[in-house]
Amino acid sequence: MKLPRPVALRLTAGIGALALAGAAAMTLSTTEASAAVTGIATGYATQNGGTTGGAGGATVRATTGTQIHAALCNRASDSTPITIEVEGTINHGNTTKVSGDSCNTAAGVIELKQISNVTIVGVGNGAVFDQLGIHIRESSNIIIQNVTVQNVKKSGSPTSNGGDAIGMESDVRNVWVDHVNLLASGGESEGYDGLFDMKDNTQYVTLSYSTLRNSGRGGLIGSSETELSNGYVSFHHNLYENIDSRAPLLRGGTAHMYNNYYVSLNESGINSRAGAKAKVDNNYFKNSKDVLGTFYTTAAGYWQVSGNTFDNVTWSSAASDYKPAGPNPTSNTTVSIPYSFKLDAASCVPAVVGETAGANKGMKVSDGSCSTQTPTPTPTPTDPTEPTPTDPAPTQPSGTNLSIGAGSDGSSKADGTSYGNVRDGSMTTYWSPSGTTGSVSVKWGTATAVSKATIRETAGATGRIKAWRVINGDTGAVLSSGTGAGVTSFAKTSLKKLTLEITSASAAPQVAEFETYAQ
């Protein structure tokens, strides 16, 4: 069911010492904004291999959107690590499309499309993306830190990114957004949409130490009741202030909200629906309405609650399509969290968030005991669930190649190649990514049991593939990984989509066939 049109926003609402300066006061001292990327990813962004962004790559400076795009396009490949330090105001006037083999950019938006291993971090006197959204599509391992994104519109002039401050869609994996300010100046009727949106198979995302203010819609996970491929999202130590609804809206999937400060949620807050599961720990809700429940739908969602404070929160009566969790919220599911985390007591969340959340705050974080600290760089974490790379098994599987007659898609393709070529039974046709890395998938209309896959290169490109992963396209779980083309085995898994992700190659790989077998 479509959400009702947001009411007029209470733009004069404030929270005293926590209120941030308006758009006219974005110039900050160097000591406040000069910190480059700091610390390591947290929450679900630590899973599925972890999120390191451009670590280990070159560092470049950009003062325009065009320079950001040029930095992406000047890399050796679309997966070459890079950190882009941004200073100044980035807007429509200085953001144009740049072309290259390692990028896919567009004018009027910061376009992170079909790329991986990128960090964008605000430095110096601060970075403000003014009326210009950041769009992440078919990409992985992205970090955005210490920037402000403001007043992005989907109607009126100028428009950008469908009205989303930060939007992610289409097979996005492992994004960490940290210490950012996301703000609008109204709701849908004023031309704005969401501040932080995820859809079309976006997974393993963390939003931390950030502020989301003055918007009709905080953000969503999943664009419809049938679009349920998103999830594994963490929200912690964020300030939501003067938001009408969607804080966030969660359709399907799993999300973890802890130690957030919610002030003036005017219509509704965390909206868990369509089978979604939300773990809601030690948050502080103040001066708000219906902060948790299933709203505007009959498709129920679920929650596990613990340690939250409800300060002057009002609750509506339940209806068939509107079921608040209050006035005394209790858990109706259990949610298992795969990563470690420390919880501040809810009583100190307003103070901790006030000191740490947002851009240009010195990158401070909580120590998990109601105090704050400035983190120091530490070694990149590893995901204990990530399989140890092994050489493919040498024995060719027997039985029917399940890829024949299936469907296919992918993250990028070179001119003249097709995703469908990996399932046509021919060794002369092939798929190549636009660079040296990319992914191609085989998909079925119904769940299909698979336990082996064969990666076949064309005769003219033998040996180009150096490293790869085979991924459950339904969940994002890595089933196997290895080096070189050949056969790989993994635990029999029932799925609708199996993805081959090439993470390293000596030159543009040519995958003639991606065969799949039940045993």
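**Two loop residues and the nonpolar cores**

E190 is found in the loop that runs between β10 (181–186) and β11 (196–199). The model in which this loop is described is a predicted one. With a relative accessibility of 37%, E190 counts as partly exposed, because this class covers the values between 20% and 50%. Once neighbours within four places in sequence are left aside, E190 is in contact with K153 and S185. The side chain of E190 also reaches the backbone nitrogen of G187, at 2.6 Å. A further relation in space links E190 with S155: the two residues are 35 residues apart along the chain, and their C-alpha atoms are separated by 8.0 Å.

D193 likewise has its place in the loop between β10 and β11. The relative accessibility of D193 is 14%, and D193 therefore counts as buried, the limit for this class being under 20%. The side chain of D193 is joined to that of R217 by a polar contact of 2.7 Å. When residues up to four places away in sequence are not counted, D193 touches K154, G162, G163, D164, S215 and R217. R217 thus appears both in this list of contacts and as the partner in the polar contact.

The strand β11 spans residues 196–199, and F196 belongs to the largest nonpolar core. This core contains 65 residues, of which F129, F196 and F235 touch the most other members. Apart from residues up to four places away in sequence, F196 touches I166, M168, V177, L182, V205, L207, L212, G218, G219, L220 and F235. Separate from this core lies another, of 22 residues, with V422, W431, I465 and F490 among them. In soluble globular proteins, nonpolar side chains tend to be buried together.

The chain as a whole was also examined. It has 519 residues, 59% of which count as buried. Its secondary structure consists of 3 helices and 34 strands. Among the contacts with a separation of 6 or more, 73% are accounted for by residues 24 or more positions apart. The chain exposes about 18,500 Å², and carbon and sulfur atoms supply 49% of this area.

Technical notes:
Residues are numbered from 1 along each chain as its sequence is written. This is a predicted model: local features need pLDDT of at least 70, side-chain atom pairs count only at pLDDT 80 or more; totals for chains, interfaces and linings use all residues. Side-chain values use heavy atoms; hydrogens and water are left out. A nonpolar core is a set of buried Ala, Val, Leu, Ile, Met, Phe, Trp, Tyr and Cys residues joined through side-chain atoms within 4.5 Å. Buried means under 20% relative accessible area, exposed over 50%, partly exposed in between (1.4 Å probe, protein chains only). Contact means heavy atoms within 4.5 Å. Helices (H or I, at least four residues) and strands (E, at least two) are DSSP runs, numbered from the N terminus. Accessible areas come from the Shrake-Rupley method with a 1.4 Å probe; for residues, only the protein chains shown count as cover. A polar contact is a pair of N or O atoms within 3.5 Å; within protein, one must be able to donate a hydrogen and the other to accept it, and residues adjacent in sequence count only if both atoms are side-chain atoms.
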